[in-house]
Amino acid sequence: MSDISFVRTDMLPEQEPPATSVGFVAWARANLFSSPLNTVLSLLSIAAVLMVLKLVLPWAFMSSWNANSLTECREQIAAAYGEHHEGACWAVIRDRWVQLTFGFYPPYPIDGTAHLGAPPEGAWPAYFRPIATFVLILVAVAPVLFDKLPRKMLIITAVFPFLMPWMMWGGTFWNPVGAMLGFGIGYLAYRLIAPVAGSLAGTIAAALLPIIWWLFLLGGFASIMQSIIALDIPVVQSRKFGGFAVSIFIGVVAIVGSLPLGIVLALGRQSDLLIVKALCVGFIEFIRGVPLITLLFVASTLLNIFLPPGTEFDIILRVLIMVTLFAAAYMAEVVRGGLAALPRGQYEAADALGLDYWKAQRLIIMPQALKISIPGIVSTFIGIFKDTTLVSIIAILDPLGLTAGIRANAQWNGIYWELFAFIAFVFFIFCFSMSRYSMYLERKLKTSH
């Protein structure tokens with residue numbers, strides 16, 4: 001009888017997977033060359049991209065960075081790369097990047113005095129106020145975006161909305177302190193009045209008393225405290241704001257303010273109270289039916305007509321209010337979509353647990369609705385940040401508004417693509433960062449489940 005085994009007694013050595021089933025080759029086969037049509041389209045697309053790169057890369061990299069004018073820039077490019085080569089003149093960015101970043105914001109050194117003219121030769125202009133504001137923006141939003149950071153950092157998040165206007169505009173330190181006290185007054189009014197007269201009376205008092213404080217008493221409080229302890233920094237007029245600083249300032253305020261206001265409007269639109277629902281629906285539909293540029297013109301020119309004579313309403317503050325309201329209307333519809341996507345059982349579960357309306361929204365309904373709405377929320381944020389460039393139409397010199405003045409200068413008359421390419425690159429960095437964070441948050445919260 002022969003000894004024939006049909007079962008292997010030793011393991012085969014592990015082998016590498018086929019090269020066509022892993023890595024870039026597998027990805028390309030699955031996504032670019034999965035069928036004859038996809039193969040043709042992919043080859044045509046690759047050819048188009050290569051043709052564009054063949055034109056753009058020499059223009060972008062065979063360029064000049066050290067010229068002091070457009071004429072000198074072209075002479076340097078011709079000497080280095082030939083008479084017929086057309087390269088980018090990035091020297092305009094090197095020459096005017098401070099203006100593109102800060103506009104005409106005065107460079108205050110550490111002692112708090114302003115440079116009336118150009119800073120001394122070799123001295124670094126200390127734009128410490130806008131730079132410190134930008135750093136504090138990152139610190140303030142960090143604990144909101146990343147839950148692994150210490151929760152005590154939320155104190156900075158809560159205080160920063162009051163510090164930011166003071167750091168940018170200047171003036172007495174007691175103005176932001178008084179603004180914070182207004183919210184404290186509203187909270188105390190609700191805690192004291194609601195147990196005695198009911199939650200409705202407490203809510204009305206919590207809304208009216210801070211308004212009275214801000215409109216009629218804040219100025220006197222700041223004056224008294226300033227006479228006791230003088231804490232102030234030089235005032236900067238709004239017309240000095242400009243560049244990326246004003247775009248970031250308006251964008252951050254609109255983004256931060258539009259989300260909670262949009263949530264309130266979305267809840268009001270679904271409310272059973274007729275007046276509340278009518279007001280929210282009317283506001284949302286009106287704002288969504290009017291272009292942002294129209295609202296900016298209203299903020300710039302028409303708003304002062306309806307105010308008492310002699311009233312000074314800062315132009316940037318008017319723009320902040322209009323852009324925030326515009327973003328809030330779109331945010332309300334995004335949040336309402338998230339609320340509509342929740343199954344009815346979530347509301348019934350909240351009722352079964354005995355939760356009142358606000359606890360149900362805070363603990364069960366709104367976390368799920370916001371999780372579903374993440375892509376729409378971030379898309380609205382990105383759109384609002386890009387729309388800040390529209391303020392150039394009402395004479396606020398954002399980066400696009402500054403390009404006209406730079407191109408009108410005799411040294412750089414005729415420059416064009418380099419300025420817009422640089423501005424587009426900076427906006428892309430901010431918008432791409434928001435998009436990547438959105439994807440990270442979706443993966444973390446697993447919104448698809």
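This is a short tour of a predicted model, moving from single residues to a pair of helices and then to a pocket.

**Stop 1: S42 in helix 2**

Begin by selecting helix 2, which covers residues 36–61, and pick out S42 within that helix. With a relative accessibility of 9%, S42 counts as buried, because the cut-off for that word is under 20%. If you then show the surroundings of S42 and set aside the neighbours within four places in sequence, the residues in contact with S42 are L32 and F33.

**Stop 2: T172 in strand 1**

Next, go to strand 1, made of residues 171–172, where T172 is found. Is T172 buried or exposed? Its relative accessible area is 14%, so T172 is buried. Not counting residues up to four places away in sequence, T172 touches W166 as well as A222, Q226, L231 and D232. For a sense of distance, select W65 together with T172: these residues stand 107 places apart along the chain, and their C-alpha atoms are separated by 42 Å.

**Stop 3: V323 in helix 12**

From there, move to helix 12, residues 315–341, and select V323. V323 is buried, with a relative accessible area of 5%. Once neighbours within four places in sequence are left aside, V323 is in contact with I250, A254, L292, L296 and I384. D232, which you met as a residue touched by T172, can be used here as a second reference point, since a separation of 29 Å lies between the C-alpha atoms of V323 and D232, which are 91 residues apart along the chain.

**Stop 4: helix 4 beside helix 9**

Now display helix 4 (residues 91–102) together with helix 9 (residues 243–269), whose axes come within 2 Å and cross at roughly 25 degrees. The two helices are therefore roughly parallel to each other, given that angles under 35 degrees count as such. Which residues of helix 4 and helix 9 meet? On the helix 4 side they are Q99, L100, T101 and F102, and on the helix 9 side G243, F244 and A245. Sorted by class, this contact of helix 4 with helix 9 has four nonpolar and three polar residues, with no charged ones.

**Stop 5: the second largest pocket**

Keep helix 9 in view and add helix 8 (199–228), helix 13 (344–352) and helix 14 (357–372), as each of these four helices supplies at least two residues to the lining of the second largest pocket. This pocket holds about 980 Å³ of space. Its lining is made of 26 residues, and those closest to the centre of the pocket are L267, S271, L273, Y357 and W358. Coloured by class, the lining of the second largest pocket shows 16 nonpolar, six polar and four charged residues.

**Stop 6: L208 in helix 8**

While helix 8 is displayed, select L208, which is found in that helix. L208 counts as partly exposed, at 48% relative accessibility. Adding A189 gives a pair that is 19 residues apart in sequence and 9.6 Å apart in space, from C-alpha to C-alpha.

**Stop 7: A395 in a loop**

Finish at the loop between helix 15 (374–387) and helix 16 (399–408), where A395 lies. The phi angle of A395 is near 70 degrees, which is a positive value in a residue other than glycine. With a relative accessible area of 49%, A395 is partly exposed.

Technical notes: Residues numbered from 1 in each chain as written. Predicted model: local features only at pLDDT ≥ 70, side-chain atom pairs only at ≥ 80, totals over all residues. Heavy atoms only, no water. Axes fitted to C-alpha atoms, helices over the stretch in contact; angles between N-to-C directions. Parallel < 35°, antiparallel > 145°, perpendicular 65-115°, else oblique. Contact = heavy atoms within 4.5 Å. Nonpolar A, V, L, I, M, F, W, Y, C, P; charged D, E, K, R; others polar. Buried < 20%, exposed > 50% of the residue type's maximum accessible area, 1.4 Å probe, protein only. 1 Å grid on protein atoms, 1.4 Å probe; cavity = no way out; pocket = protein on both sides within 12 Å on 5 of 7 lines; lining within 4 Å. Points joined across faces, edges and corners; volume = space filled by probe spheres on them.
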